[in-house]
Each structure stands twice: as structure tokens, then as C-alpha cells.
Amino acid sequence: LEGQIYSLSELNILDNIGIDKEISVTIIFSAKESIYKALSVVLNGGINFKSFELKAAEKKGQSVRLLFNVHNGSFVRTIKVSAKIYKNHILTLVIN
């Protein structure tokens, strides 16, 4: 999945705040899926996961705040996503 869903630099961002690789991959996928669902109507479905790049993350307890750069042609935005680690699940929500 590396290169299709996530990059090594994105994994490193989450590793640096103490999140293991398996959870990191799930968080990144879920966050990008949430962004895709939030923006697909605006962009007429013409967007893919490579258009989203994780730039920063902050962990507080079981919550993680993620900051993504979204770039697709002339559409460029910074999107915030909140992720919650709950038992064996990851819940994500676009918050801006």
C-alpha cells in the first residue's frame, strides 16, 4: 500500500508521535477516505489519495489531530482531520 495510500514520510510523522505502523496506516487511510468523501462532490470525483499529503500530527491521549495538504489542479486546501483510537477501531472526521 505504500505509494498508493500512504508515503514513508507520512508514516514517519505518526511514528514520531509514538503511533505504531499498523495503526498509522489505518489512521492515514481512514483520514484520507474522510477527506475524499468530504471533497468528492466539490471535485466531481476527480481526486485520489495521492492528492492528500499528511504534513503534521499531534497526539493527545487516544486522539490524533492531523493536518493534510490537499492539491488537485487549481484546488489547494489545508484540511484538518481528527482521529480517535477506540478499542480496535479508528474513527476519523474532517473538522474544517
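These are legends for a set of close-up views of a predicted model.

**View 1. The whole chain, with two helices and four strands.** Reading from the N terminus, the elements come in the order α-α-β-β-β-β. With a radius of gyration of 13 Å, close to the 12 Å that the globule rule gives for 96 residues, the chain is as compact as a globular protein of that length. Put a box around the C-alpha atoms along the principal axes and you get roughly 35 × 25 × 20 Å. Buried residues account for 38% of the 96 in the chain. As for contacts between residues at least 6 apart in sequence, 38% of them join residues at least 24 apart. The accessible surface adds up to about 5800 Å², and carbon and sulfur atoms hold 51% of that.

**View 2. The β1–β2 hairpin, with glycine 61 in its turn.** Here β1 and β2 run antiparallel and are joined by eight bridges. Two spots are handy for getting your bearings. Lysine 60 sits opposite serine 63 of β2, while glutamate 53 faces asparagine 69, also in β2. Two residues separate the strands, and glycine 61 in the turn has a positive phi of about 65°.

**View 3. The β2–β3 hairpin, with glycine 73 between the strands.** β2 carries on into another antiparallel pairing, this time with β3 over 10 bridges. To find the register, look for leucine 67, whose bridge partner in β3 is lysine 80. This hairpin has two residues between its strands, and glycine 73 takes a positive phi near 65°.

**View 4. The β3–β4 hairpin, with lysine 87 in the turn.** β3 covers residues 75–86 and β4 covers residues 89–94; the two pair antiparallel over six bridges. One bridge to look for links isoleucine 85 to isoleucine 90 in β4. Two residues lie between the strands. Lysine 87, in the loop between β3 and β4, is not a glycine, yet has a positive phi of about 55°. What is the relative accessible area of lysine 87? The value is 67%, over the 50% cut-off, so lysine 87 counts as exposed.

**View 5. The largest nonpolar core, built from 26 residues.** Those with the most contacts inside this core are Leu14, Ile27, Ile35, Val64, Leu66 and Phe68. The elements giving two or more residues to the core are α1 (8–15), α2, β1 (52–60), β2 (63–72) and β3. Which element provides the largest share of the core? That would be α2, with six residues. In soluble globular proteins, nonpolar side chains tend to be buried together.

**View 6. Valine 64 and the residues around it.** Val64 is among the core residues with the most contacts inside the core. Leaving out residues up to four places away in sequence, valine 64 touches Leu14, Ile17, Ile19 and Ile27, along with Ala57, Glu58 and Lys59. The list also includes Val81, Ser82, Ala83 and Ile85. Two of these partners, Leu14 and Ile27, are themselves among the core residues with the most contacts inside the core.

**View 7. Serine 24, a residue of helix α2.** The helix spans residues 21–39. Is serine 24 buried or exposed? At 1% relative accessibility, against a cut-off of under 20%, serine 24 counts as buried. Its side chain reaches the backbone oxygen of isoleucine 19 at 3.3 Å. Setting aside neighbours within four places in sequence, serine 24 is in contact with Leu11, Leu14 and Ile19. Ile19 therefore deserves a second look in this view, being both the contact and the residue whose backbone oxygen the serine 24 side chain reaches.

**View 8. Glutamate 10, a residue of helix α1.** Glutamate 10 has a relative accessibility of 2%, so this residue counts as buried. Not counting residues up to four places away in sequence, glutamate 10 touches Ile5, Ile28 and Lys32, as well as Phe52, Glu53, Leu54 and Phe68. Two of these have turned up already: Glu53 is the residue opposite asparagine 69 in β2, and Phe68 is one of the core residues with the most contacts inside the core.

Definitions and conventions:
Residues are numbered from 1 along each chain as its sequence is written. This is a predicted model: local features need pLDDT of at least 70, side-chain atom pairs count only at pLDDT 80 or more; totals for chains, interfaces and linings use all residues. Side-chain values use heavy atoms; hydrogens and water are left out. Buried means under 20% relative accessible area, exposed over 50%, partly exposed in between (1.4 Å probe, protein chains only). A polar contact is a pair of N or O atoms within 3.5 Å; within protein, one must be able to donate a hydrogen and the other to accept it, and residues adjacent in sequence count only if both atoms are side-chain atoms. Contact means heavy atoms within 4.5 Å. Two strands pair if DSSP finds at least two bridges between them. A nonpolar core is a set of buried Ala, Val, Leu, Ile, Met, Phe, Trp, Tyr and Cys residues joined through side-chain atoms within 4.5 Å. The radius of gyration is taken over C-alpha atoms; the globule rule is 2.2 Å times the number of residues to the power 0.38. Accessible areas come from the Shrake-Rupley method with a 1.4 Å probe; for residues, only the protein chains shown count as cover.
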